[in-house]
Every structure is written in structure tokens, then in C-alpha cells.
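Colleague: I'm new to this one, so could you walk me through how the pieces pack? Let's have it on screen.

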Amino acid sequence: MKGRIAFFEGSRKFGIVEHDLPEPEEGALLVKVLCTNICGSDVKNWKGASSVGVGERPTCQGHEFVGEIYRLGKGVERDSMGNPVKAGDRIVAPYYITCGECGPCKAGRADLCENAYIHLGSAPDQWPYFGGTFATHYYVYPNQKFYKVPDDVPNELAVGANCAFSQVYYGLERAGLKAGETLLIQGAGGLGLYAAAIAREKGATVIVADGVGERLELAKRFGADHTVNISEVDQLADREALIKELTGGRGVDVAMEVTGFAGAFEEGIHHLAVMGRYIVIGINSTAVGAEIHPGYITRKALTVCGVVRYLPEYLYKSLQFLEKYQDKYPFKEFSERTFALEELGEALQLSADRKITRAIIKP
């Protein structure tokens with residue numbers, strides 16, 4: 001039996017090839033992709049602005065997915081939390097491996113595994129071929145964690161757990177957000193909305209800043225106590241005054257950047273209170289820069305926390321959160337569209353233009 005793979009091959013180009021389905025090696029499994037999301041990093045890779053060789057050679061892409069176990073390798077009987085699994089069960093998996101042997105892994109920071117990306121961006125003609133989730137099937141390697149999806153969590157909800165939901169969940173806990181603290185979220189896209197719901201359940205006061213009124217209205221339904229429309233309050237000094245007014249003159253205890261715009265960093269350090277913590281997630285390209293005033297970091301004794309991935313178990317924690325609160329927050333009301341694999345280019349363009357919050361590909 002054959003499967004299909006969509007691969008990237010240069011700036012805004014993609015193609016589709018067929019391959020025989022591989023037999024998984026010991027400890028691995030082959031998954032039938034039920035649906036997969038387009039992540040912001042996928043858009044960057046499609047444009048050619050990536051570090052995984054896009055443009056230099058064809059690469060398999062896509063990583064936010066829900067799949068159905070198709071073939072189990074020898075010895076695979078349980079998921080990474082010890083739950084028994086069989087062919088036909090739905091699973092999700094982090095898009096990276098954790099080797100368990102490098103310095104970060106041994107220090108308990110598997111999110112920073114030095115070998116995390118050894119399979120990411122593999123070529124479509126390289127065995128086991130199905131190295132990305134923009135495909136009919138996906139190969140989960142022996143050193144790659146995976147988790148069974150709860151029966152009552154629908155595919156369209158579970159697909160966002162990896163990586164968007166898990167990353168903001170991990171970021172908030174890395175920064176130690178506590179009940180009674182105030183959180184500023186810069187950006188009301190998918191990550192910002194997820195973060196608002198998580199922070200609300202932690203008992204924090206949530207402020208969301210964005211330039212699109214419709215997004216800010218949705219943010220309120222996801223738990224935001226206050227919103228700041230940066231298109232209307234268009235001067236930094238005015239936004240700084242407004243944030244201080246909302247926080248009794250202190251500034252926020254924690255800020256989270258999920259905009260992807262480098263200039264947001266400078267603004268974030270303005271809004272933080274003394275001893276504030278700053279979670280930076282969206283700005284993950286080293287090719288962009290912004291003017292900053294580092295004296296704010298020094299004089300306020302700020303802690304800056306960069307979050308590039310997440311500990312694998314946060315994917316499981318995210319599924320539990322979604323199972324518990326799926327009816328409390330409007331997760332199912334994102335501005336989304338479903339596309340066939342052949343329509344991947346259209347889906348990527350609409351995502352790049354921010355015309356939809358979520359694009360779901362169903363091979």
C-alpha cells in the first residue's frame with residue numbers, strides 16, 4: 001500500500017509524491033494522519049525562512065497532528081504515560097525526539113535535547129519517507145514520545161495540543177505564574193487564546209493586547225479580564241499608562257510574547273513590574289532584530305524566559321486540560337477552514353495573511 005507526502009521545495013513551492021508505507025522498526029510506529037494543523041513555523045518554512053534546509057532540498061513538513069495507529073513496531077504496547085495502545089487508537093506526538101543521553105536531557109530539560117531535530121525536515125525520498133504530517137501517514141521514531149488521545153476529545157480540538165497549546169502551557173509554568181498575579185499576553189492568535197484560558201484556570205488576571213478587534217472579543221471569551229487594542233491605543237506611552245492603570249501602577253507580574261514580531265520585545269519589558277518575568281515564544285528567528293533598552297531589564301531585575309519547545313509530558317497535560325475544559329471555552333469556534341492535501345498552498349497563504357486562525361489539513 002502507498003501513502004502520499006506533501007514536501008516543500010523552495011520559496012512558496014510544494015509538491016506531492018507517493019511511497020510504499022514503511023514497516024516500523026522496533027520501538028517505532030506508523031500512524032495514519034487524521035488531520036494536521038498549519039503552525040506559524042510551517043508558514044515560515046514555506047516562505048523559505050527556516051533552518052531545516054527548505055529551498056536547499058525537498059523537505060517533509062508539518063507537525064501538529066492527530067493520528068490513528070496503523071502499524072506498531074516490535075515492543076510498542078503502551079504510550080509514554082503507560083496507557084495500553086493498539087492499532088486504531090488515536091495518538092499525538094511531539095515533533096521532536098528526546099535522546100535521554102545529552103546534557104540537557106540528563107539535567108531534566110528534555111525540551112532542549114541536543115538531538116531533538118535529527119529527523120525534522122527529512123527528505124521525502126529518505127526512509128522512512130513520512131517525516132512530516134502534511135501526508136497521509138507519519139512515522140513516530142523509537143525516541144519520540146507519544147500519547148493516546150482521550151475518547152471524548154475530538155480531532156479538531158486535540159490537533160492544536162501539539163505544539164501551540166503545550167508550548168504556552170509549559171511557558172506559563174516555567175515562569176511560575178500563580179493565582180492572584182497579572183499576566184499580559186501580547187497577541188490574540190491561537191497561542192494567545194490558549195494562554196488566556198490556561199492562565200484563567202490558574203487564577204491569574206489576564207490582559208490581552210492585539211490590533212484586531214475581533215480577536216480581542218474572542219480573547220474575552222477565552223478568559224481575558226481586560227484587552228488593549230494597539231490599533232486604537234497606538235502609542236507605546238499610552239499603552240504603558242493603560243497597563244499601569246489596570247495594575248494599580250505596578251505593571252504586570254508576567255508577560256508572554258506570542259506575536260512573532262521582534263519589536264514586541266521592547267514593549268513587553270516596558271509593561272513588566274519590578275521582578276517581572278517575560279516569556280518569549282513567538283520570536284524564534286535569529287534573522288530579525290529590534291531596538292531594545294536593556295537597562296529596563298537591569299533596573300527592574302527582570303527574568304527573561306525563552307521557550308523554544310516544551311517538556312514532552314506537557315502534551316499529555318494539554319490533552320487533559322482540553323478534555324476538562326473543552327465546553328467552558330470556545331475552542332471549537334476558532335476561525336478555521338479545512339483543506340485537502342492538494343490545497344496545502346492555499347491554506348498556507350491564508351494562514352500567512354492571517355485570514356484564518358486555524359487551517360486544518362485532512363489528507
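Colleague: Which hand does the crossing of α1 and α11 have?
Modeller: Bear in mind that this is a predicted model, where local features need pLDDT of at least 70, side-chain atom pairs count only at pLDDT 80 or more, and totals for chains, interfaces and linings use all residues. Residues are numbered from 1 along each chain as its sequence is written, and side-chain values use heavy atoms, with hydrogens and water left out. A crossing is left-handed if the near helix is turned anticlockwise from the far one by less than a right angle, and right-handed if clockwise. For α1 and α11, the crossing is left-handed.

Colleague: At roughly what angle do the axes of helix α1 and helix α11 cross?
Modeller: Helices are DSSP runs (H or I, at least four residues) and strands are runs of E (at least two), numbered from the N terminus. Axes are lines fitted to C-alpha atoms, for helices over the stretch in contact, and angles run from 0 to 180 degrees between N-to-C directions. Angles under 35 degrees count as roughly parallel, over 145 as roughly antiparallel, 65 to 115 as roughly perpendicular and the rest as oblique, and α1 and α11 are therefore roughly perpendicular to each other. The axes of α1 (residues 40-47) and α11 (residues 344-352) come within 10 Å, and they cross at roughly 110 degrees.

Colleague: Which residues of α11 does α1 meet?
Modeller: Contact means heavy atoms within 4.5 Å. From α1, the residues involved are Asp42, Val43, Trp46 and Lys47, and in α11 they meet Gly345, Leu348, Gln349, Ser351 and Ala352.

Colleague: What is the strand order in the open sheet of six strands?
Modeller: Two strands pair if DSSP finds at least two bridges between them. The pairing in this sheet is parallel. β11 (226-229) and β14 (303-306) each have a single partner strand, so they stand at the edges. The order is β11-β10-β9-β12-β13-β14.

Colleague: Which residue in β12 is the bridge partner of leucine 183?
Modeller: Strand β9 (residues 182-186) and strand β12 (residues 252-257) run parallel, joined by four bridges. In β12, the partner of leucine 183 is valine 254.

Colleague: Which strands does helix α5 touch as it packs on the sheet?
Modeller: The direction of α5 (residues 190-201) makes about 170 degrees with that of β9. The strands it touches are β9, β10 (205-210) and β12.

Colleague: And what about the open sheet of three strands: which are its edge strands?
Modeller: That sheet has antiparallel pairing and the order β2-β1-β4. An edge strand here pairs on one side only, and that goes for β2 (14-20) and β4 (59-60).

Colleague: Which residue makes a salt bridge with lysine 317?
Modeller: A salt bridge is a side-chain nitrogen of Lys or Arg within 4 Å of a carboxyl oxygen of Asp or Glu, and the structure holds 19 salt bridges. In this one, the N to O distance is 3.0 Å, and the partner of lysine 317 is glutamate 173.

Colleague: How many residues apart are lysine 317 and glutamate 173 along the chain?
Modeller: Lysine 317 is in helix α10 (residues 313-325), and glutamate 173 is in helix α4 (residues 164-174). The pair links distant parts of the chain, 144 residues apart.

Colleague: Within what distance do the axes of α4 and α10 come?
Modeller: The two axes cross at roughly 100 degrees, and α4 and α10 are therefore roughly perpendicular to each other. Their axes come within 9 Å.
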